[in-house]
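Here is a friendly walk through one protein model, from its overall make-up down to single residues. Have the 3D view open as you read.

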Amino acid sequence: MASYDAIAHHSSPYGSGDPYYNHSTGYITPANPKSPRSKWLKYGVPLGILTLIGLVVASIVASKSHAHSSHSSSSSSGGNPAAASSAVSAKNAVGIFPTATDSEFMKPLYPSTTNAAAFSVPTFQSADSQVAWPKDPYQFPSKPSPTTLRADRPRLIAPQYKWNALPNLIAQDPYLKFWNDTIFGNATTYYSLPPVAYRMDGSSGILDVAREVKMRIKAFAYVYRMTKDSKWVNRAWSEIQNAAGNGTTSFGPTTDKWNSAHFLDTAEFSAAFAIAYDWLYDAWTEDQKSQMRFTLNLYALSLGVSIFQNANPNIGWWTAGIQGNWNCVCNSGLTLASLAILGDDTTGNAQTLLGYTINNAKQNCASGVTSDGTWNETANYWYFGTLGYAEMASSLLTAAGSDFGLLSANSNFYLTGLYHMYVFGTTSLFNYGDHGPNKFSTTANSMLFFGTVYNAASYALFQRDQADAAEPWSMFWYDPTISGAYWFDAPLDYVFNSSMDQWGSMRSSWTDMNALYVAMKGGTLQGHQAHGDLDCGDFVLDALGTRWAGELGSGDYLSQGYFDSELQNATRWLYYRKRTEGQNTILVNQENQNVLAKPSMTSGSSGTVQGSSTVFQAPGNSTAYIVFDLTSAYFNVASFSRGIRLLNGRRQVLLQDDINAQGSVMWRMHTNATVTVDPSGTSATLTLDGQTLTMQILNAPTGAAITTGPAVRLAGDPALPTGATDQENRDVTVVSISLPAGQYSLQVLFNPQWPGLQASDYVTPPSVPLSSWSLTSHK
């Protein structure tokens, strides 16, 4: 949360203060805002030509039929040719589905319309279609090997046959055309900038630098291959020389320029050099290629070999049981680099590494997705992990003709596309836990790749209008035979019920920027690679085009002990943004939650789905609810359940806590809104971005009153480490309700003030114990 201004003018969580935040949720401050803007922490898209950005969320058609042990390098879908032609024609007649972009949150604005032909079932049409990618003409061995590669270049992600087909596909597909234009625009802007400067960000290394270099190299290489203008090769070379330490300005220390102590940096530089080497292979001189191979081996591949041969455990800890983004990104970067130079490499490092990285990623990275599709770190770290995995699998498919079991190593990996879709609210992610570093080259375009390989057209329809879709990977991962609309028959509610990451989300529409969205989580508090918060019962609330209850996000990654452990006494839990009091949940006895918590979840949904129209009003009996038993998350509680449900045709929200506590109880919610509490103390009016929401304590327990205060540590909190400070949470108000120890049913009703609704249109729900909640309990 915290203010955008804190990012623009003060230290970012990574300390770099870099203004080019490339977060794929795409929140930037408009250059000339026409209305008051929210103060949630927002991220900008760097230097993009993003005029039509959209949200596309899919109906649930993910299929495991393609999740076999060794994916083929090309695939096709069946279908009636006439139907295929009709569906594609309807899609192209509409063009890009959203007509504009919300200037504050960079979310799509859809026209209010029904189009049964275009807004239909998400599907891929026949591969024989005029708008389909041609089949890869290269014949791989019947028994593929990761060291037996295609003879032509490029090898990685975009073989030459796709480049040959691309101009014709661009001419026929509005999305490809828009992305192509945007990539050219970004490359032109990057061209005039100096090479990315070296800047060490403490223990967080030079990851921003590496990812920015990678972002630029992808753009330069793409535009060169589309134009054959050598100026893009020359500009890419200046970036390569600079990152190798051979440029006109100093780049890091004399040795270990890619900061192997923080091996993510090394891996992302490796990927950048791999793309440059492979995509520009025919444009480089032999001396240039030799220099790149030397740099890759010196700063990356030789170290990778030593890691896997147990000679360098201090920098290779990510290989042993690390089921998160570190393992994905590191293995992916080493794999791309090895594939790029294999055959030219005389050291043997590339061949050796390909014998390690694939199996290690299958054993570790693949398990970053839990049994229900949730990424086991946070919604933001999903981007890093899944993109690394997609880049690795895609490169193996195009270079060697097989993914070697990567895509089927976790039988539930295909579900992670659903996770990404449902963790997106109407304004932003349900962005619990750490948000991570600047994304730059990291996008959600793995959704386009997963859409094809898992036969889940909905994933690609979700991603293709997102703010980060317009970059080179999209041009080759997108299947232009796709048709339909993500919202067609898309359930409005979904619960993810793995024991590690229990959570769920509910909404009133997929296509209305002003729709209601709520999400709440339980889950365990350990096992998240030290990126989680003590946040069982945490929730967010969107309505009327803004976020009313939101997340504070990352603490300062350079803070003492921030990543040391997830134990109860971990230093991490001393920092406000990680403490229970820094979440939208209940605080008991002013103590952090129990890290050994094992919540349980029940839920119900009317099963409401949206049809072919972008205009959707849920029927009056449409509802959904989620209830967590959070007793195990607290030390001074005899029993505690928290439930949240939608009321009145999904226009109101009830949040209820049934608790029996031996310590003081404090209900807490963080908001950017201006909060005015009425004289009775039992209701409040929140105003934000020109909109209004009211909240009311129903059947208020004796002494219950709404109060407000700053988002700062509470008096009596344990001290921070010597010299440490908490980050300032500017423009954030904590709304709280405090009660002494006892047994209560604390019910808070949220009423967004929808245009056209009168006071009499709102309902006051009956008081029903959470144990008795059902789909009909609040009629």
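What follows covers the fold, one sheet, some unusual backbone spots, a cysteine and its surroundings, and two internal spaces.

**Overall make-up**

Please keep in mind that this is a predicted model. The protein contains 16 helices and 23 strands. Of its 779 residues, 64% are buried. Contacts also reach across the sequence: among those between residues at least 6 apart, 77% join residues at least 24 apart.

**A four-stranded sheet**

One place to look is an open sheet of four strands, ordered β11-β17-β22-β21 and paired in antiparallel fashion. Its edges are formed by β11 (586-588) and β21 (706-710), each of which pairs on one side only. On average, neighbouring strands here are turned by 30° against each other, direction ignored.

Inside this order, β17 (residues 665-671) and β22 (residues 733-739) run antiparallel and are joined by seven bridges. If you would like a landmark on this pair, find W667, which stands opposite I737 in β22.

**Backbone spots worth a visit**

Most residues other than glycine have a negative phi, and most peptide bonds are trans. With that in mind, three loop positions deserve a look.

Start with the peptide bond between R153 and P154, which is cis, with omega at about -5°. P154 sits in the loop that runs between β3 (123-124) and α3 (160-172).

The other two positions have a positive phi. N259, which is not a glycine, has a phi of about 55°; this residue lies in the loop between α6 (230-243) and α7 (263-279). D489, likewise a residue other than glycine, has a positive phi near 60°, and its loop connects β4 (482-483) with β5 (490-491).

Are N259 and D489 buried or exposed, or something in between? N259 counts as buried because its relative accessibility is 11%, under the 20% cut-off. D489 has a relative accessible area of 42%, so it is partly exposed.

**C365 and its surroundings**

Next, turn to C365, in the loop between α11 (357-363) and α12 (381-400). This cysteine is buried, because its relative accessible area is 1%. Which residues does C365 touch, leaving aside its neighbours within four places in sequence? The contacts are N327, C328, N360, W375, G385, Y389 and F413. As for T386, it lies 21 residues from C365 in sequence, with a C-alpha to C-alpha distance of 8.7 Å.

**A pocket and a cavity**

The second largest pocket has a volume of about 490 Å³. It is lined by 24 residues, and those closest to its centre are D512, N514, A515, F616 and Q617.

Closed spaces are present too: there are eight cavities of 30 Å³ or more. The second largest cavity holds about 100 Å³ of space. Its lining has 15 residues, with E377, Y432, D501, K521 and H528 closest to the centre.

The table sets out the two linings by residue class.

| Space | Nonpolar | Polar | Charged |
|---|---|---|---|
| Second largest pocket | twelve residues | nine residues | three residues |
| Second largest cavity | four residues | six residues | five residues |

To see these linings in the viewer, you could begin with F616 and Q617 for the pocket, then move to K521 and H528 for the cavity.

How values were computed:
Residues numbered from 1 in each chain as written. Predicted model: local features only at pLDDT ≥ 70, side-chain atom pairs only at ≥ 80, totals over all residues. Heavy atoms only, no water. Buried < 20%, exposed > 50% of the residue type's maximum accessible area, 1.4 Å probe, protein only. Pairing = 2+ DSSP bridges. Axes fitted to C-alpha atoms, helices over the stretch in contact; angles between N-to-C directions. 1 Å grid on protein atoms, 1.4 Å probe; cavity = no way out; pocket = protein on both sides within 12 Å on 5 of 7 lines; lining within 4 Å. Points joined across faces, edges and corners; volume = space filled by probe spheres on them. Nonpolar A, V, L, I, M, F, W, Y, C, P; charged D, E, K, R; others polar. Contact = heavy atoms within 4.5 Å.
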